[in-house]
Amino acid sequence: MKSRWKLNPFFWIIIIFSALVLLVAAVGIGLYYYIFFIPEPEGLSEASWPQRFTDNFSLWMENDGGTPAIEEIGLDRLDRYGLWLQVLDESGREVFAHSKPDSYPESYPASELAALATGAFEDGYTVFVSSFEDSGETWNYLIGFPYAVGKYMLYYNGETVSRLSPVFRLVLVSAFAGAAALFLVYGFWIIRKMGKITRGIEDISQRDYMPLAEKGIFAGVYRALNKMDEEIRRSDRLKEETERARREWITNITHDLKTPLSPVRGYAELLADGQADRMPDGAAGGGTGGTVDGKMGDATAGPKDDLAERFAAEKRTVREYGAIILKNVDYAEKLINDLKLTYQLESGAFPFHPEEVRMVRFLRELVIDIANDPAYGDRDIEFESEGAEFTACIDRDLFRRAVGNLVVNALVHNPADTKVTVAVEKHERDGIRISVRDNGVGISEEEQAELFTRYYRGTNTREKPEGSGLGLAIAKQIIVLHGGDITVKSRVGEGTEFVIHLPAD
């Protein structure tokens, strides 16, 4: 299993760069200690020990009857570190000395003593000066350190520095030159990579992108670009498919609306022109001319009888025209209502009023109503429910529309001898399951993939070619609105089953 925690390539760059900086700093510190190293007695660093040792040496001195005395521990410290000591009275004359080199005098004028306090490394020693006061008497003392150390701020081994100064300059110049070259190369490399990414983004916008190899420190960026290209291409395909479906639907709905409007217009023009009263009896209904109520007219009938028969025939013709017009207007209105409903459901503008409903009774009454419809009176429709009555929170009108669409769809798109069964059951864990199945002609896999697509009409529309293509799409929208889902299983020649799944609660 791959970890989801992955560092961005830029973080790797920062980590590597920081590691290099720390390594260079560590090497520099190591070189510094190696080059500037002097002993570090008393736990002090080379930057502070000589002056502090000199100032603190007075702790091991005492006034012995007007003569300065040095404790053994102080002398041991001097011998351990290879130092020498010279104690002077107030006139600058030597009153005590320990391991003092012969090159140093026994007395110092005030100016020379002051010069020693700030003097540099000389005759193999760097001399530090301090004073000791006890019982009203004061002595100055000198301590010589065998190191070429400075006396200001930071103490360093000046002799080594002067000797290695050219080497340091060369190392520093080389380091800066190497760093500059490294950053220059890195800058060009980054610019090249960023140019590649920029070109990739431009190619994506122009739909001319070629996937990049997902490797290197920019693998994450390339992966994101490849994914972006895939998503945009998928969106383009979806847009094209939606546009194609929209164009097809406009063509279909235009044709479907013209179908009812054409006879409406035709019969309305006949009525408006007064041609209905001149039509022979039976012309509108498909009968033969000169008949009245299916019987041959009596040639010997008088003028009054002819007028009455003619008047009755005209009334029948007007009623037939009106029935045809009403039928087609109803169909056009249904198309418009389907279109309005699907967009209301999609936008959430349709009023949704769920309530507690006894589902078994509700579905049984729905099946009975469809079976009692004269259009389906001779069809085989059954209802099954093995469990006890239960309730569910649904919108009666919407849910009736959804299930009714499925049942009617199964009736009109299958032969007359097809059996349609509506079944319902409830499981505490799996929820409510409503099945609408038939043993009809079945649906191909290609059509199953498009069944719930808006405006789609399958190839098996012989029984009802005037469908709007919105019935199943509306059914699914209603089921989803109730928090459920709808699936279809079908095999050609064996039948189809639509299953509605609703949550148990």
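Helices (H or I, at least four residues) and strands (E, at least two) are DSSP runs, numbered from the N terminus. This is a predicted model, in which local features need pLDDT of at least 70 and side-chain atom pairs count only at pLDDT 80 or more, while totals for chains, interfaces and linings use all residues. Residues are numbered from 1 along each chain as its sequence is written, and side-chain values use heavy atoms, with hydrogens and water left out.

**View 1. The whole chain holds 11 helices and 15 strands.** Of its 505 residues, 33% count as buried (under 20% relative accessible area; exposed is over 50%, partly exposed in between; 1.4 Å probe, protein chains only). Contact means heavy atoms within 4.5 Å. Among contacts with a separation of 6 or more, 62% come from residues 24 or more positions apart. The chain exposes about 31,200 Å² (Shrake-Rupley method, 1.4 Å probe). Carbon and sulfur atoms supply 57% of that area.

**View 2. Confidence varies along the chain.** The pLDDT is the predictor's confidence in each residue, from 0 to 100. Its mean over the chain is 78, and 76% of the residues reach 70 or more. Strand E3 (residues 84-88) has the highest confidence, at a mean of 94. Strand E7 (residues 291-292) has the lowest, at 36. Over residues 1-5 the pLDDT is below 50, and this stretch has 0 contacts beyond near neighbours in sequence. Residues 459-465 also have pLDDT below 50, but that stretch has 10 such contacts.

**View 3. Four strands form an open sheet in the order E4-E3-E6-E5.** The pairing is antiparallel; two strands pair if DSSP finds at least two bridges between them. Strand E4 (94-98) and strand E5 (126-134) stand at the edges. Each has a single partner strand, so one side of each is left without a neighbour in the sheet. From one strand to the next, the twist averages 20°. E3 is joined to E6 (residues 137-145) by 5 bridges. Val-87 stands opposite Tyr-141 in E6.

**View 4. Helices H2 and H3 lie across strands of the sheet.** H2 (residues 49-56) lies across E5 and E6, at about 150° to E6. H3 (residues 72-81) lies across E3, E4 and E6, at about 55° to E4. Axes are lines fitted to C-alpha atoms, for helices over the stretch in contact, and angles run from 0 to 180 degrees between N-to-C directions. The buried residues of H2 are Trp-49, Pro-50, Phe-53 and Thr-54. They cover an arc of only 130° around the axis, which puts them on the same side of H2. The arc is that of the directions from the helix axis to the C-beta atoms. The cover over these buried residues includes H3, E5 and E6.

**View 5. Ser-135 and Arg-207 have positive phi values without being glycines.** Ser-135 is found in the loop between E5 and E6, with phi near 55°. Ser-135 is exposed, with a relative accessible area of 62%. Arg-207 lies in the loop between H5 (158-205) and H6 (219-273), with phi of about 60°. Arg-207 is partly exposed, at 41% relative accessibility.

**View 6. Thr-421 is buried, at 5% relative accessibility.** Thr-421 lies in strand E12 (residues 419-427). Not counting residues up to four places away in sequence, Thr-421 touches Glu-382, Glu-384, Ser-435, Val-436 and Arg-437.
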